[in-house]
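Trainee: I have a model open and would like to learn how to read its features. Could you take me through them one at a time?

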Amino acid sequence: MTAELIEGGPIAEAITEQVRKDVASLASAPKLVGVLASDNPGAKYYARSQEKACAEVGIEYELRQLDADSSADDLEAEIARINADSAVTGVILLMPVPDGVNPRRVQQAIRPDKDVEGVHPANIGRLFYGDFSLAPCTPHAVVTMLRQSGVDLKGKETVVVGHSEIVGKPTVVMLLQSLMESPTVTCCHIATRDLAFHTRRAEVLVVAAGKAGLVSGDMVREGAVVIDVGINRVKVEVDGEKKTRIVGDVEFEAAVEKASMITPVPGGVGLVTTAMLLANTVECARRQS
């Protein structure tokens with residue numbers, strides 16, 4: 001068996017096209033501000049990617065860069081200024097933050113109606129009542145990709161690997177939204193004693209641990225639907241040269257021969273996550289209009 005690929009591109013494009021229409025219908029363009037307190041090249045690249053994605057749908061973007069040794073008070077003061085600025089409709093805190101700064105504390109200082117990542121406690125709390133209108137971007141991407149791919153989740157043994165506050169836990173809650181159509185969900189984490197035991201019985205497997213190759217091919221059930229959330233940069237040797245390769249948390253080459261459907265990395269969940277960020281930016285603008 002060779003798995004069908006759940007490509008992120010077409011799903012992301014459909015979401016992005018709707019975002020373009022929504023932006024055009026607003027009285028003024030939304031404005032997203034990224035807050036960066038780091039010299040990390042990856043973070044700067046991500047900020048440029050955000051700016052490009054916003055420009056393609058008519059959203060204004062501004063990057064506010066603070067010193068790499070900024071304190072939590074410095075970051076929270078900047079967030080307070082953004083919260084009070086009526087011209088800014090959305091804000092995202094870019095990682096990493098300086099040593100000694102608790103990113104959750106800073107994120108919680110963001111006004112809930114400007115929280116484009118959907119990670120403020122007020123927005124996370126709404127997930128428990130089935131309100132996904134401002135949901136965390138990656139979990140929303142996971143659930144959307146399953147639905148758009150026609151996966152019947154009702155009663156399915158579903159395993160989520162990873163229990164972070166912004167991916168794993170919200171994914172579990174969102175999967176359990178329906179009273180009668182939800183899957184049976186198990187969440188695995190760093191204290192799970194036998195990860196393979198759980199993954200091998202998963203009809204639907206969502207892996208969001210941030211560790212390259214954590215789930216090997218022999219840990220995947222025959223015919224499973226596999227959603228690989230991980231985006232890891234690893235060094236590989238190509239023609240005698242060390243090069244960087246983007247891989248997921250699942251050993252793709254082995255898993256693709258056992259799964260019925262699988263997301264590629266790159267080209268899968270990441271693309272839809274970016275589209276969800278744009279959709280959330282529009283939702284924030286609506287809430288402030």
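Mentor: We will go through charge pairs, a charged patch, cysteines, peptide bonds and some distances. Keep in mind that this is a predicted model.

Trainee: Let us start with the charges. How many salt bridges does the structure hold?

Mentor: The general idea first. Side chains of opposite charge can pair when their charged atoms come close. In this structure there are 16 salt bridges.

Trainee: Which side chain meets Glu62 in a salt bridge at 2.9 Å?

Mentor: That is Lys31, with 2.9 Å from N to O. Look at where the two residues sit: Glu62 is in strand β3 (residues 60-65) and Lys31 is in strand β2 (residues 31-36), so the pair ties together parts that are 31 residues apart in sequence.

Trainee: Is Lys31 buried or exposed?

Mentor: Lys31 is buried, at a relative accessible area of 17%. The cut-off to remember is that buried means under 20%. Its partner Glu62 is partly exposed, at 26%.

Trainee: Which residue forms a salt bridge with Glu62 at 3.0 Å?

Mentor: Arg64 does, and the 3.0 Å is the distance between the closest N and O atoms. Arg64 counts as buried, with 17% relative accessibility. Both pairs belong in a wider picture: a network of salt bridges links Lys31, Glu62, Arg64, Glu78, Arg81 and Asp85.

Trainee: Now a pair elsewhere. What is the N to O distance between Arg201 and Glu157?

Mentor: The distance is 2.7 Å, and the two side chains meet in a salt bridge. This pair links distant parts of the chain, 44 residues apart: Glu157 is in strand β5 (residues 157-161), while Arg201 is in the loop between α8 (195-199) and β7 (204-207). Arg201 is partly exposed at 25% relative accessibility, and Glu157 is partly exposed at 26%.

Trainee: What about charges that gather in a patch? Which residues make the patch of negative charge on the surface?

Mentor: When reading such a patch, look for like charges that take part in no salt bridge. Here Asp39, Asp67, Asp69 and Asp74 gather in a patch of negative charge on the surface. Take Asp39 as an example: this residue is in the loop between β2 and α2 (41-57), and Asp39 counts as exposed at 53% relative accessibility.

Trainee: On to the cysteines. How many disulfides does the count come to?

Mentor: The test is whether two cysteine sulfur atoms lie within 2.5 Å. By that rule the count comes to zero.

Trainee: Why does Cys137 have no bond to the closest cysteine sulfur?

Mentor: The closest cysteine sulfur belongs to Cys284 and is 9.4 Å from the sulfur of Cys137, so it is too far for a bond. Cys137 is buried, with a relative accessible area of 8%.

Trainee: Which cysteine has the closest sulfur to that of Cys187?

Mentor: Cys188 does, but the sulfur atoms are 6.9 Å apart, which is too far for a bond. Cys187 is partly exposed at 27% relative accessibility.

Trainee: How should I read the backbone? Which residue does a cis peptide bond join to Pro96?

Mentor: As a general point, most peptide bonds are trans. The bond between Met95 and Pro96 is cis, with omega about 0 degrees. Pro96 is in the loop between β4 (90-93) and α4 (103-107). A cis bond also runs from Val265 to Pro266, with omega near -5 degrees. Pro266 lies in the loop between β11 (261-262) and α10 (269-288).

Trainee: Finally, distances. How far apart are the C-alpha atoms of Leu5 and Met261?

Mentor: Compare separation along the chain with separation in space. Leu5 and Met261 are 256 residues apart along the chain, and their C-alpha atoms are separated by 5.7 Å. Leu5 is in strand β1 (residues 4-5) and is partly exposed at 35% relative accessibility.

Trainee: What is the C-alpha separation of Ser86 and Thr273?

Mentor: For Ser86 and Thr273 it is 26 Å, with their positions 187 residues apart along the chain. Ser86 is in the loop between α3 (72-84) and β4, and Ser86 is exposed, with a relative accessible area of 70%.

Conventions. Residues are numbered from 1 along each chain as its sequence is written. This is a predicted model: local features need pLDDT of at least 70, side-chain atom pairs count only at pLDDT 80 or more; totals for chains, interfaces and linings use all residues. Side-chain values use heavy atoms; hydrogens and water are left out. A salt bridge is a side-chain nitrogen of Lys or Arg within 4 Å of a carboxyl oxygen of Asp or Glu. Helices (H or I, at least four residues) and strands (E, at least two) are DSSP runs, numbered from the N terminus. Buried means under 20% relative accessible area, exposed over 50%, partly exposed in between (1.4 Å probe, protein chains only). Patches are made of residues with over 30% relative accessible area and no salt bridge: like charges are joined within 9 Å, nonpolar side chains (Val, Leu, Ile, Met, Phe, Trp, Tyr) within 5 Å. Accessible areas come from the Shrake-Rupley method with a 1.4 Å probe; for residues, only the protein chains shown count as cover. Lys and Arg count as positive and Asp and Glu as negative; His and the chain ends are not counted. The place of a charge is taken as NZ of Lys, CZ of Arg, CG of Asp or CD of Glu.
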